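Colleague: Hello! I am new to this one, so could you show me the model and walk me through a few of its details?

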Amino acid sequence: MNKNYYAVLMAGGVGSRFWPVSTSSYPKQFHDMLGTGETLIQKTFHRLNKFVPSENILILTNEKYNDLVLEQLPEVEQEQVVLEPAMRNTAPCILYASLKIQKKNPNAVMIVAPSDHWIEDEVAFASDVESCFDKCGQEKVLCTLGITPTFPNTGFGYIECEKGQEEKTGLRKVHQFREKPDYKTAKEFLKQGNFLWNAGIFIWGVGTIVDAFEQYQPQLHVLFQAGLGYYNTEDEQAFIKENYGRAENVSIDYAILERSKAIYVLPASFDWNDLGTWGSLYDKLGKDSDQNAVVNSKVISEDASGNMIRSPKGKVVVIDGLNDYIIVDKKEVLLIFPKSKEQDIKKMLGKVKDKYGDQYT
């Protein structure tokens with residue numbers, strides 16, 4: 001295994017659209033969402049560990065999830081868990097992790113990957129990432145993996161590729177990143193044929209990304225560069241606790257990717273699902289003869305189809321006359337919600353919190 005390969009596994013999100021299973025104290029990345037025997041963070045770690053040494057994988061998460069990470073990933077040492085004392089979006093935490101890696105190995109190439117995506121062909125995934133590693137090891141460029149669109153999705157950002165710029169490796173020069181479009185614009189993107197979904201998976205040389213921060217986000221760079229002498233020592237946490245909250249709340253897309261002129265995208269050769277909602281989980285799972293997707297439950301259904309059903313393991317769920325619903329039973333909370341309105345689950349979560357407090361959210 002290449003000792004210059006590193007990974008930053010992003011595991012700080014709450015996943016509120018997967019409520020009631022995902023809560024602020026126990027978010028979705030720590031759950032076995034698909035009933036496979038592995039949680040999402042475990043599955044992601046083991047996928048990366050096929051080509052990145054286990055000691056070179058950093059877990060970037062909120063400090064309140066530290067114990068969950070160590071419990072679910074026994075291969076990881078405490079020093080590999082990079083803790084955010086405050087929520088500041090993706091740019092500050094990626095810079096922080098990058099500086100830690102650079103101090104340890106200035107020749108490192110690294111992947112930044114979400115902890116909650118589902119990828120079936122892990123061999124193809126490793127091959128795509130290593131192609132980008134090769135590119136980033138030879139040139140001062142930033143790379144990302146893009147997903148070939150299958151329909152005009154309005155829930156993803158898009159990557160616009162420059163036409164006629166494909167390399168032998170399949171890498172394409174990025175023209176620009178585009179925000180989540182409306183339906184009409186998304187249809188136009190697909191018609192043009194040079195747009196990919198932005199999967200939020202990034203690859204770069206550690207020196208290249210740190211230099212990019214120095215160029216495009218000088219204040220952020222100065223803030224975190226000041227801690228270089230403390231990183232990877234016992235004094236690191238004291239510095240971070242004092243200074244992290246001063247960082248601007250800004251995404252890596254806005255801070256760096258939308259500004260850089262040296263970005264390449266590789267259209268992914270693997271199947272991908274971002275598992276952002278119950279509906280996306282339904283799409284990923286196998287279905288019974290009535291097109292119901294079932295996790296853990298023992299289901300008896302009559303005149304019921306197209307439902308997403310999840311319960312504690314082995315629980316019998318009886319459904320009659322219900323079609324295209326999300327049905328999730330979790331101890332003290334039962335959710336029965338139309339799939340067509342799944343984006344409103346986050347709003348309903350707020351109402352539950354207002355009426356009954358934080359204990360259910």
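Colleague: Which residues in helix 3 meet which residues in helix 7?

Modeller: Happy to help! This is a predicted model, in which local features need pLDDT of at least 70, side-chain atom pairs count only at pLDDT 80 or more, and totals for chains, interfaces and linings use all residues. Residues are numbered from 1 along each chain as its sequence is written, and side-chain values use heavy atoms, with hydrogens and water left out. Taking contact as heavy atoms within 4.5 Å, the residues of helix 3 are Ala 91, Pro 92, Leu 95, Tyr 96 and Leu 99, and they meet Leu 220, His 221, Phe 224 and Gln 225 in helix 7.

Colleague: How are helix 3 and helix 7 oriented to each other?

Modeller: Their axes, which are lines fitted to C-alpha atoms over the stretch in contact, with angles from 0 to 180 degrees between N-to-C directions, are 10 Å apart and pack at an angle of about 45 degrees. Angles under 35 degrees count as roughly parallel, over 145 as roughly antiparallel, 65 to 115 as roughly perpendicular and the rest as oblique. Helix 3 and helix 7 are therefore oblique.

Colleague: Which residues of helix 6 make the contact with helix 3?

Modeller: The axes of helix 3 (residues 90–104) and helix 6 (residues 206–216) come within 10 Å and cross at roughly 135 degrees. On the helix 3 side, the contact is made by Ala 91, Leu 95, Ser 98, Leu 99, Ile 101 and Gln 102. On the helix 6 side, the residues are Val 206, Gly 207, Ile 209, Val 210 and Phe 213.

Colleague: Is Lys 100 buried or exposed?

Modeller: Lys 100 lies in helix 3, and beyond its neighbours within four places in sequence, Lys 100 is in contact with Glu 79, Val 82, Tyr 231, Asn 232 and Glu 236. Buried means under 20% relative accessible area, exposed over 50%, and partly exposed in between, with a 1.4 Å probe and protein chains only. Because its relative accessibility is 4%, Lys 100 counts as buried.

Colleague: What separates the C-alpha atoms of Leu 48 and Glu 122?

Modeller: Leu 48 lies in helix 1 (residues 40–48). Along the chain, Leu 48 and Glu 122 are 74 residues apart. Their C-alpha atoms are separated by 8.9 Å.

Colleague: Where in the protein is confidence lowest?

Modeller: pLDDT is the predictor's confidence in each residue, from 0 to 100, and the protein has a mean of 94. Confidence is highest in strand 1 (residues 5–10), at 98. With a mean of 85, it is lowest in strand 7 (residues 158–166).

Definitions and conventions:
Helices (H or I, at least four residues) and strands (E, at least two) are DSSP runs, numbered from the N terminus.
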